Amino acid sequence: MRTEDDLRAAFRDMERFTPDAADVLRAVYDHPRRSARLWRLPPRVPRRPALRAGLALGAAGAVTAAAVIVATAHGPATKEAPIAAPALRARLLAAIGSARSDILYTPAPGGPLIGGQYPAYPHPGQEVHVRVGPVVGSDGKVYKDGEYSFKMPSETAQHHYINSYAANLDQGGLHLSGTAMAVDHLNHTWRECHSTFILGFALGAGGIRAEIANGQFTVIGRTELDGRQAIELKINVPPDHEAPPHVIAERMWVNATTYLPMRGYTRWSDGQQSVFDYVFLAPTAENLAKLRPVIPAGYTRAGCAQGTGPKPATWQQIHGRAHQ
Amino acid sequence: MTFEEFAANRLPGVLRFAAVLTGDRALAEDLAQEVLIRAHSRWRKIGRLDRPEYYVRKMILNEFLSWRRREWRLIPSGAGADVDRRSAPDHALGYAERDALFAQLGKLPARQRAVLALRYYEGLSDIEIADLIGCTPGTVRGYATRALAALRVEMNVRPGQEPAFIEETT
């Protein structure tokens, strides 16, 4: 049995993981100031002049993204009758099922395809590859790259994990073991290690599918997104009784022709928000090759130690968050 | 306090807090960078506070907890080992026990881990922790009790101190 003093000693020992202050400050000072209005929800075609005027004001920068959310969420029906949720649900599930063997990227709208997961919606027991780079510095240089590879757990574990809204790291996440590969372009080294890691929240298209399968969405209406016809969905976020920040709004846009997810938007109670596109690519040899980190000639292999896997990546780390 | 004064005098403590919360240097760096980029842009307001470092620590804590929500993330939770097993593992008992405790801490839910770090590293009371996290002291005790049970840590029940209890938190 351990004592509380053992715990105090363990936490003190973790001070060795303290990052270098100079590195942190360099990132802070180099960081370009982002506009608080980095991204807005795309406006839907309004019927009433009053709403059109409201959206015009939004386009002029007079309202924030949050205000636009409210305006569009309670706006009138679009010109085309929205598809009924049950029918849409079936089409969405079929579309995601048909793309389960694709490569899934989640870049910032219009951003480069960094990161990526293959397959998009893995079967239990299937080998999964998640690239966590390339990580580009403020100077435009690539300084890190990496990949996690693991086998998707059994149907039971995966089902429990993916189908539960609470299945995030706060509830323990999904514990996995596999291989972590990292390329350090600053030091010209690479490493490949057996590692254990925790997968937070639902994996790729599997998570999207679970939300849709559980009927946790409302059809808002049709819209146009990047020149393509889309259907806007409001994901019904269940009450969260944990401590804040909570997710307070979540939207998804799906392609009105293929029914594949196109864009996601999440807003937290502390005002932060994230926006990302879903890009499905066919698993051709060329596309799969692009998913793998490249180890340049002359790089030396480094050993493995605790905490030396590739730098974890999140959607927000890959493409940043808009802050208000 | 200017941001530069904060960086010179208070930042090391904030970075140590990030390291203890995450137990991983890369994650701690990410956490600190994300928070400090935001804090830097709002420093005109934060710098006027009596203790700006407390505000930044709270930002660090909130960011750490919000990472766990609705995001897709892979977090290393244990020691790596070369795939070709060229590295010999260390079998010293003390290191093994330490590594085991680290690994178990890494598997704790975020709030449980944060509560332990605030209680046993920062030395805060349950009331102070509750204020920071935004829940009741009873909930804090519930998180701590479950975390300590998972880690097989025996609580020192001091005279006059009530034993911790589990409170409904979900």
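Before the views, one term is useful: helices and strands here are DSSP runs, numbered from the N terminus, with at least four residues for a helix and at least two for a strand. Two strands count as paired if DSSP finds at least two bridges between them. Please keep in mind that this is a predicted model.

**View 1. Meet chain A, with its nine helices and 15 strands.** Chain A has 324 residues, and 41% of them count as buried. Contacts in chain A with a separation of 6 or more are also worth a look: residues 24 or more positions apart account for 63% of them. The next three views stay with this chain.

**View 2. An open sheet of five strands in chain A.** The strands follow the order 9-10-11-12-13, and their pairing is antiparallel. At the edges lie strand 9 (217-225) and strand 13 (273-277) of chain A, each of which pairs on one side only. Leaving direction aside, neighbouring strands of this sheet are turned by 20 degrees against each other on average. As background for this view, strands of a sheet pair through backbone hydrogen bonds, either parallel or antiparallel. It also helps to know that side chains in a regular strand alternate between the two faces of the sheet.

**View 3. Strand 11 of chain A and the strands it pairs with, strand 10 and strand 12.** Strand 10 (residues 228-235) and strand 11 (residues 247-255) of chain A run antiparallel and are joined by five bridges. Two residue pairs help you find your way here: A:A230 stands opposite A:N255 of strand 11, and A:K234 has A:R251 of strand 11 as its bridge partner. Strand 11 of chain A is also joined to strand 12 (residues 261-268) of chain A, by seven bridges, and these two strands run antiparallel. Here you can look for A:V254, which stands opposite A:P261 in strand 12 of chain A. Strands 11 and 12 of chain A form a hairpin with five residues between the strands. In this hairpin, A:Y259 takes a positive phi near 65 degrees.

**View 4. Three loops of chain A with backbone details to look for, at A:P119, A:H188 and A:D226.** Start in the loop between strand 3 (116-118) and strand 4 (127-131) of chain A, where A:P119 has its place. A:Y118 and A:P119 are joined by a cis peptide bond, with omega at about -5 degrees. Move on to A:H188, in the loop between strand 7 (174-184) and strand 8 (189-200) of chain A. Although A:H188 is not a glycine, its phi is positive, at about 60 degrees. A:H188 counts as partly exposed because it has 13 C-beta neighbours inside 10 Å. The last stop is A:D226, found in the loop between strand 9 and strand 10 of chain A. A:D226 is not a glycine either, yet it has a positive phi of about 50 degrees. With 12 other C-beta atoms within 10 Å, A:D226 is exposed, because 12 or fewer is the cut-off for that class.

**View 5. Meet chain B, with its nine helices and three strands.** Reading from the N terminus on, you pass its elements as α-α-α-α-α-β-β-α-α-α-α-β. Chain B has 170 residues, and 50% of them are buried. Of the contacts in chain B between residues at least 6 apart in sequence, 61% join residues at least 24 apart.

**View 6. Helix 2 and helix 3 of chain B, crossing at roughly 130 degrees.** The axes of helix 2 (residues 11-22) and helix 3 (residues 25-41) of chain B come within 8 Å. The crossing angle of roughly 130 degrees makes helix 2 of chain B oblique to helix 3 of chain B. Their crossing is right-handed. On the helix 2 side, B:V14, B:L15, B:A18, B:A19 and B:T22 meet B:R25, B:L27, B:A28, B:L31 and B:A32 of helix 3 in chain B. Sorted by class, the residues of this contact are eight nonpolar, one polar and one charged.

**View 7. Helix 7 and helix 8 of chain B, crossing at roughly 135 degrees.** Helix 7 (residues 110-120) and helix 8 (residues 126-133) of chain B have axes that come within 10 Å. Their angle of roughly 135 degrees makes helix 7 of chain B oblique to helix 8 of chain B. This crossing is right-handed. Here B:R111, B:A114, B:V115, B:L118 and B:R119 in helix 7 meet B:I129, B:L132 and B:I133 in helix 8 of chain B. The contact has six nonpolar, no polar and two charged residues.

Note on methods: Residues are numbered from 1 along each chain as its sequence is written. Chains are lettered from A and ligands numbered from 1 in the order in which they are written. This is a predicted model: local features need pLDDT of at least 70, side-chain atom pairs count only at pLDDT 80 or more; totals for chains, interfaces and linings use all residues. A residue is buried if 20 or more other C-beta atoms lie within 10 Å of its own, exposed if 12 or fewer, and partly exposed in between; C-beta atoms are placed from the backbone. Two residues are in contact if their C-beta atoms, placed from the backbone, lie within 7 Å. Axes are lines fitted to C-alpha atoms, for helices over the stretch in contact, and angles run from 0 to 180 degrees between N-to-C directions. Angles under 35 degrees count as roughly parallel, over 145 as roughly antiparallel, 65 to 115 as roughly perpendicular and the rest as oblique. A crossing is left-handed if the near helix is turned anticlockwise from the far one by less than a right angle, and right-handed if clockwise. Ala, Val, Leu, Ile, Met, Phe, Trp, Tyr, Cys and Pro count as nonpolar, Asp, Glu, Lys and Arg as charged, and the others, Gly among them, as polar.
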